[in-house]
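Reader: I should like to go through this model term by term. Please set each value against its definition before drawing a conclusion.

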Amino acid sequence: MDVAKSGQMLSVGEIAERSGVAVSTLHYYEAKGLIRSTRSAGNQRRYRRDALRQLAVIRIAQRVGMPLETIREALSRLPEGRSPTLADWRALSSGWRAELDQRIAQLQSLRDQLTDCIGCGCLSLRRCGLRNPHDELAEHGAGPRRLIEEHDDDA
């Protein structure tokens with residue numbers, strides 16, 4: 001059965017309305033290889049109905065912090081021409097779990113070091129667990145060493 005004639009194809013406006021995703025975002029996702037469209041005889045974008053589920057997966061993955069490239073790679077491993085299934089989602093999300101756990105641990109560590117950072121003045125960079133762990137920059141002299149070095153590199 002021809003998908004376009006069976007009413008399975010949706011315009012960009014219909015997809016945007018049904019998914020809650022802006023048209024400009026749909027175009028961006030398409031440019032990044034996350035979703036696909038075909039063109040009508042009038043050169044208008046048409047999306048398969050299963051793009052709605054793909055968009056839901058993309059938006060949820062973004063919400064938990066997955067980069068678009070990671071999402072694109074994961075979606076590219078799924079069989080083309082069908083909506084992601086519950087089993088697909090379980091496989092994708094379990095693959096991202098370790099990465100999310102690592103990010104959570106990093107953020108918790110940064111949060112726990114933040115109190116020490118507030119009192120150090122940071123301009124001296126004498127003792128800063130975030131910008132100057134173990135006072136490594138002290139051997140280069142006083143003052144904002146990292147900022148000076150970064151600025152010198154730009155010159």
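Reader: What is the order of the strands in the open sheet, and is the pairing parallel or antiparallel?

Author: This is a predicted model, in which local features need pLDDT of at least 70 and side-chain atom pairs count only at pLDDT 80 or more, while totals for chains, interfaces and linings use all residues. Residues are numbered from 1 along each chain as its sequence is written, and side-chain values use heavy atoms, with hydrogens and water left out. The open sheet has three strands in the order β1-β3-β2, and their pairing is antiparallel. β1 (9–11) and β2 (38–39) are the edge strands; each has a single partner, so one side of each lacks a neighbour in the sheet.

Reader: How do you know that β1 and β3 are paired?

Author: Pairing requires that DSSP find at least two bridges between two strands. Three bridges join β1 to β3 (residues 45–48), and these strands run antiparallel; the criterion is therefore met. Within this pair, Met-9 stands opposite Arg-48 and Ser-11 opposite Arg-46. Strands and helices here are DSSP runs, numbered from the N terminus: E of at least two residues for a strand, H or I of at least four for a helix.

Reader: What makes β2 and β3 a pair as well?

Author: Two bridges join β2 to β3, again antiparallel, and Thr-38 stands opposite Arg-46. The two strands form a hairpin with five residues between them, and Asn-43 in the turn has a positive phi of about 65°.

Reader: Which elements occur in the chain, and in what sequence?

Author: The chain holds six helices and three strands. From the N terminus on, the elements run β-α-α-β-β-α-α-α-α.

Reader: Why is α1 called roughly perpendicular to α2?

Author: Their axes come within 9 Å and cross at roughly 105°. Angles of 65 to 115 degrees count as roughly perpendicular, under 35 as roughly parallel, over 145 as roughly antiparallel, and the rest as oblique; α1 is therefore roughly perpendicular to α2. The axes are lines fitted to C-alpha atoms, for helices over the stretch in contact, and the angles run from 0 to 180 degrees between N-to-C directions. Val-12, Ile-15 and Ala-16 in α1 meet Val-23, Leu-26 and His-27 in α2, where contact means heavy atoms within 4.5 Å.

Reader: Why are α3 and α4 called oblique to each other?

Author: The axes of α3 (residues 51–63) and α4 come within 10 Å and cross at roughly 140°. That angle falls in none of the named ranges, and the two helices are therefore oblique to each other. Val-57, Ile-58, Ala-61 and Gln-62 in α3 meet Leu-68, Ile-71 and Leu-75 in α4.

Reader: What makes the contact between Arg-45 and Glu-30 a salt bridge?

Author: A salt bridge is a side-chain nitrogen of Lys or Arg within 4 Å of a carboxyl oxygen of Asp or Glu. The closest N and O atoms of Arg-45 and Glu-30 are 2.9 Å apart, so the rule is satisfied. This pair links distant parts of the chain, with Arg-45 in strand β3 and Glu-30 in helix α2 (residues 23–31), 15 residues apart. By this rule the count comes to four salt bridges.

Reader: How do you know that Asp-50 is buried, whereas Arg-48 is partly exposed?

Author: Buried means under 20% relative accessible area, exposed over 50%, and partly exposed in between (1.4 Å probe, protein chains only). Asp-50 has 10% and is therefore buried; Arg-48 has 35% and is therefore partly exposed. Their side chains meet in a salt bridge (3.5 Å, N to O). Arg-45, at 22%, also counts as partly exposed. Of the 155 residues of the chain, 25% count as buried.

Reader: What separates Arg-72 from Glu-69 along helix α4?

Author: The two are three residues apart in α4 (residues 68–76), which means about one helical turn. Their side chains meet in a salt bridge (2.6 Å, N to O). Arg-72 is partly exposed at 26% relative accessibility, and Glu-69 is partly exposed at 41%.

Reader: Which residues does Leu-100 contact, leaving aside its neighbours within four places in sequence?

Author: Leu-100, in helix α5 (residues 86–120), is in contact with Val-64 and Met-66. The C-alpha atoms of Leu-100 and Val-64 are separated by 8.0 Å, with their positions 36 residues apart along the chain.
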